[in-house]
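User: I'm a first-year student, and I'd like to take a close look at one part of this chain. Could you help me with it and then show me how it fits into the rest?

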Amino acid sequence: MWRLLEYKTHDGATNMAIDEAILEAHLMGKVPPTLRFYGWEPPAVSLGYAQKLPTESVNRIHEMGFDIVKRPTGGRAVLHFGELTYSFVGSTDAQLRESILDAYKQICSGLLEGLRLLGVELEIGSGQPAHRQMHDCFLATTTADLHFGGKKMVGSAQLRRKHAVLQHGSILLSQPQDLMPKLLYPVTAAESAASLKRHANLFEILKREPTYKELQAAFHKGFEKAFATRFEPGELTELESQLATALLQNKPGETIPV
């Protein structure tokens, strides 16, 4: 029996600490594979663990009322606004394949099945990871991502520790096309970038706005089908809460301006 942690909102640093705490607890053998859904309050821009932004971008993001946090995973900047974030923790001891690419495909198959239940067919992307000078995750579609008609809707990143895997990602629901460019770039560059349709929004494709409860239910069923197992709703354990608290104390959530 695997575990589902139902949708809740936290600030960005807490969200990242919880994901990493679940990974550590699973690595210890204390919790089963876990699927989690969550939101961000306040909204935030998350950066890959090795990513740096120009000082002016950091200042602009804060001035516009958004937090900045570092993810324990790699990749480029993701805007957590008008979206649903998922995380999945499992291991090669529990059905996940050894290959990084194959594990991505396995986990993404749960997302694809959930989206089918909602009435949308997406495809797994292809290509190389975004160049380090490309700050915006959603400007490139790789084998870790899902796209609709060539426009990315789901971006994911992964962290491995020994045999345990954390994969989390952002499912865009109703994110304004021009918001991320405004956060990342000067006015003239932002206007140019905003003139392009950079991503796909689920609500626009569906022509309706499912509730978070409906979205979670669809992805819950999708992951059960993809992994041929049951995910039972649960809560964080005391150990996970303690690990998350320790991570929050030892890892400041905000990035240091470059």
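Is glutamine 106 buried or exposed, and what is its relative accessible area?

Analyst: Happy to help! Please keep in mind that this is a predicted model, in which local features need pLDDT of at least 70 and side-chain atom pairs count only at pLDDT 80 or more, while totals for chains, interfaces and linings use all residues. Residues are numbered from 1 along each chain as its sequence is written, and side-chain values use heavy atoms, with hydrogens and water left out.

Now to your residue. Glutamine 106 is buried, because its relative accessible area is 11%; buried means under 20%, exposed means over 50%, and partly exposed lies in between, using a 1.4 Å probe and protein chains only. Glutamine 106 belongs to helix H3, which covers residues 100-118. Helices and strands here are DSSP runs, numbered from the N terminus: H or I with at least four residues for a helix, E with at least two for a strand. Leaving aside residues up to four places away in sequence, glutamine 106 touches Gln95, Leu96, Arg97 and Phe227, where a contact means heavy atoms within 4.5 Å.

Let's follow one of those neighbours. Phe227 is among the buried residues of helix H7, together with Leu215, Gln216, Ala218, Phe219, His220, Gly222 and Phe223. Helix H7 runs over residues 212-227, and its 16 residues should span 22 Å at 1.5 Å a residue, so the 22 Å between its end C-alpha atoms agrees. That expected span is 1.5 Å times one less than the number of residues. Just after H7, alanine 228 takes a positive phi of about 50°.

What about cysteines? Cysteine 108 counts as buried because its relative accessibility is 0%, and cysteine 137 is buried too, with a relative accessible area of 12%. A search of the whole structure finds 0 disulfides, a disulfide being a pair of cysteine sulfur atoms within 2.5 Å.

Now for the strands. Strand S2 (residues 34-40) is largely enclosed by the rest of the structure, because 7 of its 7 residues are buried. From S2, Thr34, Arg36, Tyr38 and Trp40 point one way, and Leu35, Phe37 and Gly39 point the other way, and all are buried. Strand S1 (residues 2-10) runs parallel to S2 and is joined to it by 6 bridges; two strands pair if DSSP finds at least two bridges between them. Across this pair, leucine 4 stands opposite leucine 35.

Strand S9 (residues 151-161) is also largely enclosed by the rest of the structure, because 8 of its 11 residues are buried. Strand S8 (residues 146-148) runs antiparallel to S9, with 3 bridges joining them, and leucine 146 stands opposite valine 154. S8 and S9 form a hairpin with 2 residues between them, and glycine 149 in the turn has a positive phi of about 60°. S9 is also joined by 8 bridges to strand S10 (residues 164-172), again antiparallel. Arginine 161 has alanine 164 in S10 as its bridge partner. The hairpin of S9 and S10 has 2 residues between the strands, and lysine 162 there takes a positive phi near 55°.

There is also an open sheet of 3 strands, in the order S4-S3-S5 and with mixed pairing. Its edge strands are S4 (67-70) and S5 (78-80), each pairing on one side only. Strand S3 (residues 44-47) runs parallel to S4, joined by 4 bridges, and valine 45 stands opposite isoleucine 68 in S4.

Leucine 79 lies in strand S5. With a relative accessibility of 2%, leucine 79 counts as buried. The C-alpha atoms of leucine 79 and alanine 44 are separated by 6.1 Å, although these residues are 35 apart along the chain. Not counting residues up to four places away in sequence, leucine 79 touches several residues, including Ala44, Val45, Phe66 and Leu183.

Finally, step back to the whole chain. It has 8 helices and 11 strands, and 53% of its 258 residues count as buried. Among the chain's contacts with a separation of 6 or more, 74% come from residues 24 or more positions apart.
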